[in-house]
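Trainee: Please take me closely through a single part of this model, and then show me how that part sits in the whole.

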Amino acid sequence: MGIRFILMVNKQGQTRLAQYYEYLTIEQRRALEGEIVRKCLARTEQQCSFVEHRNYKVIYRRYASLFFLVGVDNDENELAILEFIHLLVETMDRHFGNVCELDIMFHLEKAHFMLEEMVINGCIVETNKSNILMPIQLMDKAS
Amino acid sequence: MAGSSIMESFFQRSLDDLIKGLRLQVTEYNFISKSLEEIKREIKSTDIQTKSIALEKLTYLNSIHSVDMIWASFHVVEVMSSTKFIHKKIGYLAASQSFNESTDVILLITNQLRKDLNSSNQFEAGLALECLAVIGNTDLARDLTPEIFTLLSSSKEFVRKKAVAVILRVFNKYPDAVRVSFKRLVENLESVNSDPTAAIGVFCELCSKDPRSYLPLAPEFYKILVDSKNNWVLIKVLKVFSKLAPLEPRLAKRIVDPIGEHMKRTSSKSLMFECIRTVVTCLTDYEVILKLAVEKIRDCFLSDNDDDPNLKYLGLQVLSILGSKQHLWAVVENKEFVIKSLSDLDPNIKFESLRLVMEMVSEGNVAEITHYLVGAALKSDPEFCNEILGSILMTCSRNVYKVIVDFDWYVSLLGDISRNPHCQKGEEIERQLVDICLRVAEVRPEIVRVARDLLIDPALLSNPYMHRILRAAVWVSGEHIELSRNPFELMEALLQPRTNLLPPLVRAVYIQSAFKVLVFCLYSYLGPKEVILTPVGDLAPEESAEASEQEASFSEGDEYFDPRMKRSGAGHTWDRNIDNGQASSSASLENDPFTHESIFNMLNMIKMALGPLSGSDEVEVQERAGNVLGLIDLMEQELPGLLVREGSLRGEEFQGVKVLDLLQNAFSKELGPVSLSAQQRVPVPEGLLLKENLSELETVCGDINLTPSSSFSLGSVLFVERHNSQQTEKESEPSSESTSLLSEHRKRHGLYYLSADKNGSGSNDYPPVNELSNAIDGAQDLLRLPGQSVDSKKKSTTKRRPVVVRLDDGEEAPVSGVQKPKDSKDDILSGAIRNILLGDETKHMSSQSNPSNTEKRNGKEVSLDTGHVPQSKDMGEIENPSTSISQHGNERRRRSKKKDGEESSHKEKQKSHRQGRSKTRQTAEIQSPVIPDFLL
């Protein structure tokens with residue numbers, strides 16, 4: 001399993017989206033999020049975006065007030081994950097138009113839906129923005 | 001009913017309302033629990049709209065605010081089975097978020113999932129697949145394999161790629177699914193018009209568990225490596241190759257060129273990084289590409305103008321892979337950058353560069369590098385400082401201090417490190433100080449000097465991290481007090497008032513050392529003035545006193561001198577010390593510092609300091625203080641008498657001198673390192689009946705159990721043991737009478753302890769406790785002293801590496817050679833995959849053959865084979881040796897050299913087999929002859 005979890009956290013440390021690809025109990029999730037967020041948010045711009053935590057490697061990237069954190073296996077390609085995060089942001093940007101924290105808060109299910117199109121079972125399955133957004137757009141039209 | 005549900009849905013809060021509400025709250029807790037109550041009510045509604053909105057809210061609260069939603073599992077199932085997509089979607093999201101493999105309602109959803117997987121609406125199938133990827137357990141995997149199998153070749157890319165990703169989970173949970181669907185998975189990998197992203201991701205995961213099974217697919221992977229334009233796919237395929245290449249040298253050779261091409265062409269850093277990582281992990285034998293990779297590391301990752309910490313970090317990381325693989329030159333080439341990174345802003349980068357710096361350490365530069373690092377440690381924050389110190393200690397002590405030539409330098413370095421205010425490595429320094437002291441005889445004077453400097457500094461006592469180091473220092477100074485320049489000064493240090501800051505166990509060592517110093521001083525003062533070589537060999541302390549008189553004074557223990565001699569030998573330095581004006585309390589004394597007055601002062605000082613401790617709560621402290629005071633008492637009674645007859649002391653007349661003699665002998669006996677396995681190698685002395693012990697024990701145990709008291713004290717056990725050992729010596733057989741009586745008794749009381757007939761089988765080969773001293777002596781014989789330490793000591797005084805005592809084995813902590821047993825699931829999985837990959841070749845074997853093609857290949861094949869060493873055996877071969885040759889596309893050919901005789905008979909098979917193997921991908925194979933037949 002390449003990707004183990006994806007988190008979106010604002011700079012106050014509040015979780016805005018959490019997607020896990022392995023089962024953790026609520027307590028484990030909360031603990032993990034707390035530790036990782038504390039670790040990553042304490043880092044400065046001049047420091048690299050990779051943090052090792054427990055048996056994960058966490059790769060994070062900051063966009064304005066929002067941190068995107070991806071936990072991966074140890075032999076995943078860090079730079080590729082950074083590109084993946086960027087792709088995710090671009091995709092959301094294309095859908096919401098100038099995506100911001102509020103968009104994700106109020107359309108959490110859509111964000112999840114996009115992620116589900118991109119990643120299944122920890123494997124990246126789709127990297128084409130139009131393909132990712134196709135089902136959501138259909139759904140928007142239908143409703 | 002209908003009315004109420006309309007009302008419900010009319011007044012229901014939507015998810016948006018909930019989120020807005022949450023944002024307005026200062027304390028979310030109350031609002032959440034209120035909303036949760038609402039949700040609990042709403043979710044029971046019969047109206048699916050109301051229910052699904054309630055579930056949606058609950059899911060939100062669960063994922064963002066960690067609210068438990070296990071209780072709603074059944075409602076999740078209800079919403080999942082709604083016919084409307086919009087509800088179904090909410091249900092599925094909730095399921096994949098809150099279910100796990102053991103959620104009980106999973107039993108209920110199998111049919112629902114099957115229905116959705118078969119749905120004509122591809123999005124419904126997609127939902128089901130996504131959900132399955134998260135919650136699929138063994139049952140679901142087994143029951144739904146047929147549906148997933150169908151979807152694997154769906155015409156809709158949308159579901160096909162999801163099915164591919166799900167199959168990974170299915171394989172893990174239900175390995176039998178491999179038989180059915182593996183071929184379709186492979187088809188997904190090689191099909192021309194579909195995106196292989198998902199499939200390659202799956203294979204990448206599969207390969208990480210058991211790469212060997214996937215070697216037959218190498219041509220497919222190779223094709224992707226050459227043809228694909230998608231960086232993500234290329235990265236994944238490179239990962240696959242980095243697993244496969246170490247298993248098959250010809251494959252490694254084959255991929256060198258395409259990887260080089262990618263490195264030259266690509267502008268993507270991620271792909272570049274993956275190429276470099278592949279090269280440094282598995283293609284280091286190919287010089288050209290390795291050079292290229294190192295060059296790219298320098299240009300793309302370690303360049304100053306592009307100050308990206310991410311690239312820096314990764315660049316250092318790949319360098320350290322190279323460093324660990326005997327390609328240190330690459331690290332040395334980038335030395336400046338590495339050293340500069342030690343002061344980077346990012347701790348991660350600092351750690352990486354520290355690791356690299358330590359890689360570069362060698363005999364020649366260890367002093368230079370550690371000097372720089374110790375300086376850097378002083379300047380950095382406590383955490384990194386300790387990291388630096390820790391890695392210095394580790395690197396220098398590695399392999400029994402292999403890099404250290406000048407131990408005097410190293411010991412004083414240890415002293416410097418200890419003084420670093422942030423240093424928390426006390427335990428390791430303690431270990432090394434004692435270890436070096438035991439192993440390297442030559443460095444002892446320097447250790448004693450360093451220890452003295454540490455001990456006389458009262459400031460260090462207040463630092464708890466120092467205590468362990470001080471303990472080692474105290475032990476060393478006590479043990480080698482004869483090397484000390486000034487025992488009185490040391491004694492003062494040992495008894496200084498601030499030692500009450502020490503933990504009791506360390507303090508006990510202080511007192512014990514004080515004891516040794518005291519004995520040494522008294523002995524030097526009172527002991528025999530004539531030079532006598534005291535034989536200190538392998539004799540037990542009790543015996544050696546007698547032996548010293550009876551036996552010849554020239555025994556093996558030549559190197560152990562009377563402390564007096566030692567001291568006068570060291571006297572030069574001492575005198576110089578005094579000349580330099582580094583006056584200490586005894587500086588005014590003349591050549592012999594052991595005057596009546598000084599001894600008397602010392603005794604008084606000890607009494608002052610230790611007197612109160614004889615009432616200490618801590619047993620260790622109290623006991624040792626008691627020892628010291630006891631000796632002083634004894635000596636004070638006799639001292640006046642002794643002093644009168646100064647000059648011609650006859651030790652025998654005075655009890656105290658005898659005691660001193662004994663103690664001094666005991667203390668001056670040298671301790672050496674003992675191999676872990678030493679005890680095993682001690683031969684069992686003749687006449688010692690180890691096997692017999694049990695029966696002896698039995699009779700004795702019976703005796704004990706006869707006593708009415710149900711519990712017996714430790715003392716009685718000890719007594720019994722002693723009794724037992726005596727018995728062993730005296731009577732080799734227990735009297736049969738008593739045994740029979742005992743068994744009678746036991747029968748009556750139903751007491752069975754050790755059944756008599758198990759005597760022999762008990763593998764109690766351990767020597768009894770009183771064998772221990774024997775064992776240690778034996779171990780000393782086993783010490784291997786390379787280069788005859790005794791001789792070489794006298795030879796030269798120039799700087800060279802002193803002898804480091806090394807035990808031939810059992811030295812390092814035993815590396816656990818036991819491999820972690822493989823997960824049985826993995827085994828089943830890879831076994832199944834091997835069967836598929838190799839099995840389907842046999843099926844096709846006879847069907848096709850293309851003579852011209854094979855002819856050509858055969859030629860190639862032989863050339864490939866030359867010089868190839870057969871690799872470890874394959875599972876298939878073990879299982880079925882007779883068919884392995886025809887089954888194994890690659891394995892067979894590898895062995896063809898070995899099995900020359902059989903070669904011809906199998907040639908035909910090979911050809912057809914190979915052809916059959918490529919049946920599934922024959923289009924690719926035939927259309928593009930560019931793709932070399934490198935594995936087949």
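What follows begins with one helix and then widens to its surroundings.

Mentor: This is a predicted model, in which local features need pLDDT of at least 70 and side-chain atom pairs count only at pLDDT 80 or more, whereas totals for chains, interfaces and linings use all residues. Residues are numbered from 1 along each chain as its sequence is written, while chains are lettered from A and ligands numbered from 1 in the order in which they are written.

The part I would choose is helix 21 of chain B, which has 14 residues and reaches 20 Å from its first C-alpha to its last, close to the 20 Å expected at 1.5 Å a residue. Here helices are DSSP runs of H or I with at least four residues, strands are runs of E with at least two, and both are numbered from the N terminus; the expected span is 1.5 Å times one less than the number of residues in the helix. Of those 14 residues 10 are buried, so the helix is largely enclosed by the rest of the structure. A residue is called buried if 20 or more other C-beta atoms lie within 10 Å of its own, exposed if 12 or fewer do, and partly exposed in between, with C-beta atoms placed from the backbone. The buried set of helix 21 of chain B includes B:I349, B:F351, B:L354, B:L356, B:V357 and B:M358, and it also takes in B:K350 and B:E352.

These buried residues pack against helix 18, helix 19, helix 20 (335-341), helix 22 (366-379) and helix 23 of chain B, and also against strand 3 (50-53) of chain A. Within helix 21 (residues 347-360) of chain B one finds B:F351, which is buried because 21 other C-beta atoms lie within 10 Å. Its C-alpha is 8.6 Å from that of B:I388, although B:F351 and B:I388 are 37 residues apart in sequence.

Two of the surrounding elements lead to backbone details worth checking. The loop between helix 18 (309-323) and helix 19 (328-333) of chain B holds B:Q326, a residue other than glycine whose phi is positive, near 65°; B:Q326 counts as exposed, since it has 8 C-beta neighbours inside 10 Å. Helix 23 (residues 382-401) of chain B contains B:N399, which has a positive phi of about 55° although it is not a glycine, and B:N399 is exposed as well, with 10 other C-beta atoms within 10 Å.

Another helix of the chain shows how burial can be arranged by side. Helix 32 (residues 596-610) of chain B has 15 residues and reaches 21 Å between its end C-alpha atoms, close to the 21 Å expected, and its buried residues are B:I599, B:M602, B:I606, B:A609 and B:L610. They lie on the same side of helix 32 of chain B because they cover an arc of only 95° around the axis, the arc being that of the directions from the helix axis to the C-beta atoms. On the other side of helix 32 of chain B, B:H596, B:E597, B:N604 and B:M608 are exposed.

Chain B as a whole has 47 helices and 0 strands, and 38% of its 936 residues count as buried. Its mean pLDDT is 72, with 65% of its residues at 70 or more, where pLDDT is the predictor's confidence in each residue on a scale from 0 to 100. Residues 530-590 of chain B stay under 50, and the model has 71 contacts beyond four places in sequence for them; contact means that two C-beta atoms, placed from the backbone, lie within 7 Å. The pLDDT is also below 50 over residues 841-936 of chain B, a stretch with 97 contacts beyond near neighbours in sequence.

Turning to the partner, chain A has 5 helices and 7 strands, and buried residues make up 46% of its 143 residues. Between the two chains, 35 residues of chain A are in contact with 40 residues of chain B. The elements that give two or more residues to that side of chain A include strand 2 (15-20), helix 1 (26-41) and helix 2 (78-96) of chain A. For the complex, the predictor gives an ipTM of 0.94 and a pTM of 0.67.
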